[in-house]
Each structure stands twice: as structure tokens, then as C-alpha cells.
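Biologist: I am new to this structure and should like to understand how its features were assigned. Please show it to me before we begin.

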Amino acid sequence: MEAVARDLSSRYGFERIDTPIFERIDLFARGLGESSDAVEKEMFRVSGAKGSEEERSEWALRPEPTAGIVRAYIEHGMQVRPSPLRLWMLGPMFRYARPQAGRYRQFTQWDVEVIGDPGPMVDAELIELAHRFYAEVGLRGVVAHLNSIGDAVCRPGYRDALVAYFTPMASRLSPDSQRRLAVNPLRVLDDKDLDLEIAAGAPKSLDFLCDACRAHFDGLRELLDRLDLRYAINHRLVRGLDYYTRTTVEFYVAGREGQQDALGGGGRYDGLIEVLGGRPAPAIGFGLGIDRTVIAAQEQGAAVSAEAPLVAVVSSTPDASDRRLVAATELRDGGLRVRADGLRRSLSKQLEAGAKAQARWAVILGDGPSDRVILRDLDSGDQRELNLSEVLSVLSAGQ
Ligand code: AMP
């Protein structure tokens with residue numbers, strides 16, 4: 001999956017960026033919004049050695065990639081580079097939540113960001129890119145959930161409407177939601193414990209969009225239709241992060257749309273760069289979770305192997321590991337994927353280990369110094385005798 005992500009990043013003209021795995025906690029706090037779960041409860045704090053100046057420093061393992069990327073963008077003057085800037089990253093993220101199925105304390109995200117493009121064309125392009133990723137790793141039935149949460153012009157009116165709606169029924173909200181109602185009422189919609197009837201009656205952000213946000217959203221929908229991409233409008237998709245504007249998107253396998261099942265998500269964050277001290281620039285990005293994509297692919301029985309078949313080099317006597325190494329090196333020189341058995345064990349044990357490592361072929365060396373070997377197809381059991389030098393041409397020809 002990571003190979004697919006890297007390949008697509010390059011095919012879509014993104015440049016690689018790698019930010020540090022830990023940074024100042026206030027960067028993440030400003031980037032994520034103080035009221036988000038990621039800041040309130042899930043930050044993995046890092047400190048210096050006991051007694052050092054940094055002992056009390058406020059560092060944290062990165063919970064998400066965008067804040068670090070924007071920090072680097074500002075700090076290294078990337079705004080003078082030709083705009084828009086297209087960046088990608090693949091790496092571990094950390095959140096100190098209770099681990100459960102599909103929710104880990106360390107997980108991997110493939111992240112893409114475009115800075116300096118107001119959309120909506122690029123919004124559609126990124127959603128198409130995500131669909132292509134899921135298709136290329138063999139996942140079927142992925143659907144984008146879509147919403148627009150407006151911008152600084154129209155969001156205040158929507159927030160007021162949410163406060164007016166939720167306040168009279170505050171006692172029926174979870175303690176978290178009651179607290180957030182004052183700080184960030186959009187996040188009440190995000191609460192997995194929110195009563196479904198209450199949620200269904202809540203004001204919808206799409207009804208509050210200003211003309212510019214409405215035109216942006218309509219433009220995006222039109223492009224998605226033209227690209228034949230499936231999406232569903234999800235009024236509760238407000239994202240936990242405060243800096244999002246307009247487009248919000250999440251990806252699910254249709255029918256598996258619970259809280260723990262979002263395969264990836266993201267959206268537009270036209271306000272973040274200014275919040276972090278840069279010159280304002282529109283931007284959009286998303287993070288696709290590799291772990292959950294693996295789980296979903298396994299559930300569907302999707303085969304995700306872009307790798308060439310593996311060859312196991314074994315020998316009829318246990319103690320010929322030196323010859324196994326020499327033969328494996330020769331086959332590797334020819335570009336084959338090879339594992340050589342290094343242990344002193346019987347031929348049958350060597351073959352068993354090869355099969356467990358998912359080898360497709362075994363090359364069995366004989367007793368003597370002769371170059372004659374047996375090439376065995378481990379799926380069918382068919383075998384033939386040939387010279388080691390011929391193995392390469394036989395396997396490269398796909399025979
Ligand atoms: P978020 O930044 O919360 O929108 O996360 C983006 C994607 O990263 C999600 O859709 C998941 O696929 C993945 N993800 C987020 N948190 C976790 C976690 N704790 N464990 C595994 N995957 C996660």
C-alpha cells in the first residue's frame with residue numbers, strides 16, 4: 001500500500017516532505033484547535049532528560065501531519081516557490097487514546113496537501129486521487145462523504161444556529177458535548193454519542209452557506225459528477241479540527257460507516273496558514289490511514305501484492321549454508337527476490353520455512369559442487385533440473 005501511495009504521489013506531481021516526528025505542543029494545539037480531542041486528551045507528550053532545561057518543555061509526538069507541514073512551509077519560506085505547492089508525506093502519527101480495533105496509538109498516514117489553490121477543481125482532483133488509491137490497493141465500494149462547513153463569512157451564523165438548537169436540550173447531550181457547545185458547537189455534531197433524532201433535526205451547514213461558499217460547493221459536486229465519482233452528502237461531517245473551511249471529506253467502505261471505520265479524511269483549511277503566522281493562502285489536504293485500509297482490504301480478501309514472486313534457496317544437505325548464500329547472491333544480482341536459508345536444518349525444514357515465507361519457487365542445490373539445481377514450483381509441486389544460471393532466464397520469462 002505504501003508503494004501505491006508513493007507511486008501515486010509522483011504520478012500526480014507531488015513533492016515529498018518529511019517533518020519531524022515531534023514538535024512543540026503549542027504548534028499542534030494552534031493547528032488543531034484547543035477544543036479538539038487530539039489536543040485535549042490524545043497528545044503524546046515528550047520531554048527532555050531529567051534535570052535538563054527541556055525537562056519541562058512542551059513537546060509532543062505529531063498527532064497529524066498538516067500543522068508540521070504548514071510550520072515548515074512558513075519557516076522555510078516556501079511561499080515564494082511557484083504556487084500552488086503540492087506536497088506529500090507518509091509516516092507514523094501518534095494519539096494517546098485507548099487502543100481498540102482500528103484505533104491505535106501509533107498509526108500510519110499517507111498525506112497530501114496542496115497550498116495556494118482555492119479550488120474547487122483541486123478539491124475534486126484530491127477526491128479522485130483518494131478513489132484511485134483505494135482502487136489500486138484493491139478495495140471495492142469506497143464512498144466519499146462530503147460536506148461544506150462554510151468560511152469566516154457564513155460560519156458564525158451557522159454556529160449561532162447550532163447553539164440556539166442545542167442549548168434547550170443540553171441535558172440530553174454528553175458531558176463532552178455540553179462543554180463543547182460553548183467552545184465549538186460544530187463539534188457536538190461530531191459526537192458519536194449524539195442522539196440520532198437530535199442529530200437529524202440539527203441545522204445543516206449547507207443551508208447557511210454564503211454565495212461564494214455555495215458556488216464553491218456546487219462547483220465541486222459538478223466536477224465529481226463529471227468524473228463519475230460516488231459521494232454522499234453527510235451533514236454531520238464537520239471534522240474535529242477547527243481550521244477547516246468549506247470542503248470536508250471522509251472515505252468509507254459503503255455500509256461500514258461507524259466512527260472507527262473512516263479510512264481517511266481531510267478538507268480545506270484556508271485559515272490555518274495565517275493562524276500559524278504565515279501569509280494567508282488557501283489550502284486543502286487529506287490523510288489516508290494505511291492501517292484501516294489494510295484492515296478493510298483484509299476483510300474484503302483483496303490481494304495487495306505488487307511484489308515479484310519470492311525464490312527460496314535451499315539445499316539437500318543441512319550444512320551448505322555458504323553455497324546457499326553464494327547462489328542467492330547470484331540470483332539477486334539478476335534482479336530476483338530471494339531468501340536463502342541460513343540455518344543448519346534438513347531440506348524438508350528448509351522447504352517448510354520457504355513456504356511459510358510465501359516463497360513461490362524453491363531452488364534446491366545438490367550435494368556436490370555441481371552447478372545443477374532443481375527448480376521447484378511450490379504451488380504445483382512441478383520441478384525440473386537445470387543450471388543455476390538458467391534459473392534467472394526461466395523465472396524472468398515467467399515460466
Ligand atoms: P483524522 O486526522 O482523525 O481525520 O484521521 C485521518 C485518518 O487517519 C482516519 O480516517 C484513519 O484512517 C486514520 N486514523 C486516525 N486516527 C487513527 C488511529 N488512532 N488509529 C488508526 N488510524 C487512525
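Biologist: Why is there no bond between the sulfur of Cys154 and the closest cysteine sulfur?

Modeller: Please bear in mind that this is a predicted model. The sulfur of Cys154 lies 3.6 Å from that of Cys210, its closest cysteine sulfur. A disulfide requires the two sulfur atoms to be within 2.5 Å, so this pair is too far apart for a bond. A search of the whole structure finds 0 disulfides.

Biologist: What makes Cys154 count as buried?

Modeller: Its relative accessible area is 7%. The term buried applies under 20%, and Cys154 is therefore buried. Cys210 has a relative accessible area of 16%, so Cys210 is also buried by that cut-off.

Biologist: How do you know which residues of helix α1 and helix α5 meet?

Modeller: Contact means heavy atoms within 4.5 Å. By that criterion, Val4, Ala5, Asp7, Leu8 and Arg11 in α1 meet Leu129, Arg132, Phe133 and Glu136 in α5. By class, this contact has 5 nonpolar, no polar and 4 charged residues. The axes of α1 (residues 2-11) and α5 (residues 121-136) come within 10 Å and cross at roughly 145 degrees, and the crossing is right-handed.

Biologist: Which residues touch the most other members of the largest nonpolar core?

Modeller: They are Trp110, Ile127, Phe133, Tyr134 and Phe251, in a core of 45 residues. Helix α5 gives the most to this core, with 8 residues. Not counting residues up to four places away in sequence, Tyr134 touches residues including Leu139, Val142, Phe251 and Leu288. Another core, of 42 residues, lies apart from it and has Ile25, Val70, Val188 and Tyr269 among its members.

Methods
Residues are numbered from 1 along each chain as its sequence is written. This is a predicted model: local features need pLDDT of at least 70, side-chain atom pairs count only at pLDDT 80 or more; totals for chains, interfaces and linings use all residues. Side-chain values use heavy atoms; hydrogens and water are left out. Axes are lines fitted to C-alpha atoms, for helices over the stretch in contact, and angles run from 0 to 180 degrees between N-to-C directions. Helices (H or I, at least four residues) and strands (E, at least two) are DSSP runs, numbered from the N terminus. A crossing is left-handed if the near helix is turned anticlockwise from the far one by less than a right angle, and right-handed if clockwise. Ala, Val, Leu, Ile, Met, Phe, Trp, Tyr, Cys and Pro count as nonpolar, Asp, Glu, Lys and Arg as charged, and the others, Gly among them, as polar. Buried means under 20% relative accessible area, exposed over 50%, partly exposed in between (1.4 Å probe, protein chains only). A nonpolar core is a set of buried Ala, Val, Leu, Ile, Met, Phe, Trp, Tyr and Cys residues joined through side-chain atoms within 4.5 Å.
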